[in-house]
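Reader: Hi! I'm new to this one and would love a quick tour. Could you put it up so we can look together?

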Amino acid sequence: MVKIGHSVLCFSDFYCNCTRTRIVLALWARDSQARDRVFEPGCATAYYSYTCPKVKETGPVTWLEKFPEARGARQSPVDIVTSRSSNSGSVPPLTFRYSVHHPRSIVNPGYCWRVDENGYNSELRGGPLGSDVYKLQQWHCHWGAKNGEGSEHTVDGRSFSGELHLVHWNTSKYNSFVEAAGQADGLAVLGVFIMVGSKHEELHKVVRLLPYIQHKGDKVTMSEALDPANLLPRGSGYWTYPGSLTTPPCTESVTWILFKQPVEVSAEQLALMRKLRCGEASCGEEAMELLHNYRPTLPLGNRDIRDIRDYGGH
C-alpha cells in the first residue's frame, strides 16, 4: 500500500512468518518535485511484519515509531461499537458496476493474495462518496491462523475469520491511484467480513488458483469471467467512517464502507489461503506459511461511525 506525495522513491521491507525472507517494495510517484514527506529519514531501511517471532521489533506495535502516519488520529482498523454508531438517516444509494470479462492478475506479494484489476473500467459512487466516481484498483484478503479470527475490523469486539478489501480510487479528483492514495478523500475501500460456512463459488475462481502462487513473487493470469459485485453481501446495510490504510505507511486516505452481513467461505478455502508462503521459492523452508496477516484494532478517537441501514441496491 502507498503513501505518496508527488515524487518519491522509497523502500519498505516486509517480514511475515519468515526468519530471513525480505520483501522489498518500491513506492514511487511520477512528479520530479517531492513536496510531501512520506517517511522519516532512513525510511529506505524501515520494515514491518505481522507475526514473525524472531523479528518482534517489526510488529504492529512498532509501526507507530517507524511510520509517522501510523501515529495519526484517523487510523484503521477499529472496533465498531454498534451502540455508539450514529444513524445518519437518508444518504444517496451506494451503486457499483464492475467489468466482468477481462483478464486479471492474481499475485502473491508476500503478505496476502491480491487480485489486480489491470485498469479495466469500473464505477463506485453514492453513499458517503457522494457524486465522486471511484474505480476498482485491486482486491485482497486478510485472515487468521484459525477460524474466528483474522478480520481487521471487529464488531462489538467480535472478530471474523477474514476480511475482503476492495480498494477503489477517486477518479473524479485525481489522475492515478498513486496520486489519490496520498489524499484524504483519495481512496474508498469496501470491507466484507468472512465467516466459515458454505463454499463461495465466485471467490473460488481465485482460491483454486492459489496453489500456483504459493511463493512471494508468483503471479498468474485469470481469464475466467468474474464479477466483484458477487463478492458483496446482498441487502446488507453498512458502517462507514474516515480511516487509513491498514498496512504501513498507514496513510489516512480511506473512506471505509464495511458491510454488516458477512459472506461465507468454506473451511477448505480458508485453508488454501493459509498455505501461501511469504518468501520466495528459493528460500525453501524459510519461506514460512502466511498464517495470519491482520492489524489489531486501534482507538476510534473522536471519529463518528455512521450506521447506514440499507445501501440502496446497485
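Reader: Thanks! Let's start somewhere specific: where is Pro-249?

Author: Happy to help, and keep in mind that this is a predicted model. Pro-249 sits in the loop between strand E15 (238-243) and strand E16 (254-259).

Reader: What is the peptide bond from Pro-248 to Pro-249 like, cis or trans?

Author: That bond is cis, and its omega is near 10 degrees. Another cis bond runs from Ser-76 to Pro-77, with omega near 5 degrees. You'll find Pro-77 in the loop between helix H1 (63-66) and strand E4 (79-80).

Reader: Back to the loop between E15 and E16: what is phi of Cys-250?

Author: Cys-250, which belongs to that loop, has a phi near 60 degrees, a positive value in a residue other than glycine.

Reader: And is Cys-250 buried or exposed?

Author: Buried: its relative accessibility is 0%, and the cut-off for buried is under 20%. Asn-118 also has a positive phi, of about 60 degrees, although it is not a glycine. Asn-118 lies in the loop between E8 and strand E9 (122-125) and counts as partly exposed, at 41% relative accessibility.

Reader: New topic! How many aromatic pairs does the structure hold?

Author: There are four. One of them is Phe-96 with Tyr-98: the ring centres are 6.0 Å apart and the planes are at 25 degrees, so this pair is stacked. Phe-96 is buried at 5% relative accessible area, and Tyr-98 is buried at 7%.

Another pair joins Trp-113 and Trp-139, with ring centres 5.9 Å apart and planes at 85 degrees, so it is edge-to-face.

Reader: Which parts of the chain does that second pair link?

Author: Distant ones: Trp-113 is in the loop between strand E7 (104-107) and strand E8 (114-116), while Trp-139 is in strand E10, 26 residues apart. Both Trp-113 and Trp-139 are buried.

Reader: Nice. While we're at E10, what does the side chain of His-142 contact?

Author: His-142 is in that strand, which covers residues 134-143. The His-142 side chain makes a polar contact with the side chain of Glu-152, at 3.4 Å. A polar atom of the His-142 side chain also lies 2.7 Å from the backbone oxygen of Asn-293. With 4% relative accessibility, His-142 is buried.

Reader: Last one: where is Val-167?

Author: Val-167 is in strand E12 (residues 162-170) and is buried, with 1% relative accessible area. Its C-alpha atom is 5.5 Å from that of Gln-138, although the two residues are 29 apart along the chain.

Key
Residues numbered from 1 in each chain as written. Predicted model: local features only at pLDDT ≥ 70, side-chain atom pairs only at ≥ 80, totals over all residues. Heavy atoms only, no water. Helix = DSSP H or I, 4+ residues; strand = E, 2+ residues; numbered from the N terminus. Buried < 20%, exposed > 50% of the residue type's maximum accessible area, 1.4 Å probe, protein only. Polar contact = N/O pair within 3.5 Å; in protein donor to acceptor, adjacent residues only side chain to side chain. Phe/Tyr/Trp six-rings, centres within 6.5 Å; stacked < 30°, edge-to-face > 60°.
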